[in-house]
Amino acid sequence: MSRFTSHMDTALSEARAAAARGEVPVGAVVVGPDGAELARAGNRTRELNDPTAHAEILAIRAACTAMGSERLVGCDLYVTLEPCPMCASAISQTRIARLYYGAADPKSGGVAHGPRVFTHPQSHHVPEVYDGLAAHEAETLLKTFFAARR
């Protein structure tokens with residue numbers, strides 16, 4: 001029997017690095033079927049002038065390159081914030097096995113809030129979803145970031 005190992009600390013580290021760059025503090029990590037980290041990223045939308053440069057998308061792109069495939073079958077994704085609809089769709093398209101996320105996002109989320117992408121018949125793959133991992137730390141990071149900008 002294998003033991004569960006969370007990679008949320010790495011995702012939080014990526015989120016803190018994103019905040020230091022002036023990006024919304026969201027971090028993501030893709031873990032391969034063998035438990036090894038394939039890719040990690042933090043938001044870079046402002047730096048890259050790319051609205052699709054969310055942490056999840058960047059980590060998924062890098063993991064696909066590492067695996068040499070457009071599919072990430074058997075892989076896990078850890079992200080500090082509930083994925084938005086765009087990222088949830090990418091998670092479905094890549095066939096990620098398990099999604100672990102920290103803070104809920106009632107305003108812009110696409111998994112438990114908003115369009116609930118994985119509940120649609122057009123969602124050809126539905127990952128196992130686990131929420132609330134390090135939620136307090138992820139929420140605090142986001143609230144602190146936005147409070148400093150108001």
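Me: Two strands pair if DSSP finds at least two bridges between them. Which residue of β2 is the bridge partner of Val31?

Reply: Glu37 in β2 is the bridge partner of Val31. Before we go on, know what you are looking at. This is a predicted model, where local features need pLDDT of at least 70, side-chain atom pairs count only at pLDDT 80 or more, and totals for chains, interfaces and linings use all residues. Residues are numbered from 1 along each chain as its sequence is written, and side-chain values use heavy atoms, leaving out hydrogens and water.

Me: How many helices and strands does the protein chain have?

Reply: Start with the terms. Helices (H or I, at least four residues) and strands (E, at least two) are DSSP runs, numbered from the N terminus. The protein chain has 5 helices and 5 strands. Read from the N terminus, their order is α-β-β-α-α-β-α-β-β-α. The radius of gyration is 14 Å, close to the 15 Å that the globule rule gives for 150 residues, so the chain is as compact as a globular protein of that length. That radius is taken over C-alpha atoms, and the rule is 2.2 Å times the number of residues to the power 0.38. Along the principal axes, the C-alpha atoms fill a box of roughly 45 × 35 × 30 Å.

Me: What share of the residues is buried?

Reply: Buried means under 20% relative accessible area, exposed over 50%, and partly exposed in between (1.4 Å probe, protein chains only). In this protein chain, 47% of the 150 residues are buried.

Me: What do the contacts say about how the chain folds back?

Reply: A contact means heavy atoms within 4.5 Å. Take the contacts between residues at least 6 apart in sequence: 57% of them join residues at least 24 apart.

Me: Back to the strands. Which strands pair with β1, and in which sense?

Reply: β1 pairs with β2 (residues 37-42) in the antiparallel sense, over 5 bridges. β1 also pairs with β3 (residues 76-81), again antiparallel, over 4 bridges. On that side, Val30 stands opposite Leu77 in β3. β1 and β2 form a hairpin with 5 residues between the strands, where Gly35 takes a positive phi near 90°.

Me: Which way do the residues of β1 point?

Reply: Gly27, Val29 and Val31 point one way, Ala28 and Val30 the other, and all are buried. That fits the count for β1 (residues 27-31): 5 of its 5 residues are buried.

Me: Why is β3 called largely enclosed?

Reply: 6 of the 6 residues of β3 are buried, so the rest of the structure largely encloses it. β3 also pairs with β4, in the parallel sense, over 5 bridges. There, Leu81 has Ala103 in β4 as its bridge partner.

Me: What packs against the buried residues of α4?

Reply: The buried residues of α4 pack against α3, β3 and β4 (98-103). In α4 (residues 85-93), the buried residues include Cys87, Ala88 and Ile91.

Me: Is Cys64 in α3 buried or exposed?

Reply: Cys64 counts as buried, at 14% relative accessibility. Cys64 lies in α3 (residues 55-67). Setting aside residues up to four places away in sequence, Cys64 touches Ser69, Glu70, Leu72 and Thr94. Cys64 and Ala39 are 25 residues apart in sequence and 9.0 Å apart in space, C-alpha to C-alpha.

Me: Where is Gly109, and what is it in contact with?

Reply: Gly109 is in the loop between β4 and β5 (128-131). A loop residue can still be covered: Gly109 counts as buried, at 4% relative accessibility. Apart from neighbours within four places in sequence, Gly109 is in contact with Glu82, Pro83, Cys84, Pro85, Gly114 and Pro115.

Me: Which residues other than glycine have a positive phi?

Reply: The general idea comes first. Most residues other than glycine have a negative phi. Asn49 is one of those with a positive value, near 50°. Asn49 sits in the loop between α2 (45-48) and α3, and is exposed, with a relative accessible area of 69%. Ala134 is another, with phi near 55°. Ala134 belongs to the loop between β5 and α5 (135-147), and is partly exposed at 32%. Arg95, just after α4, also takes a positive phi, of about 65°.
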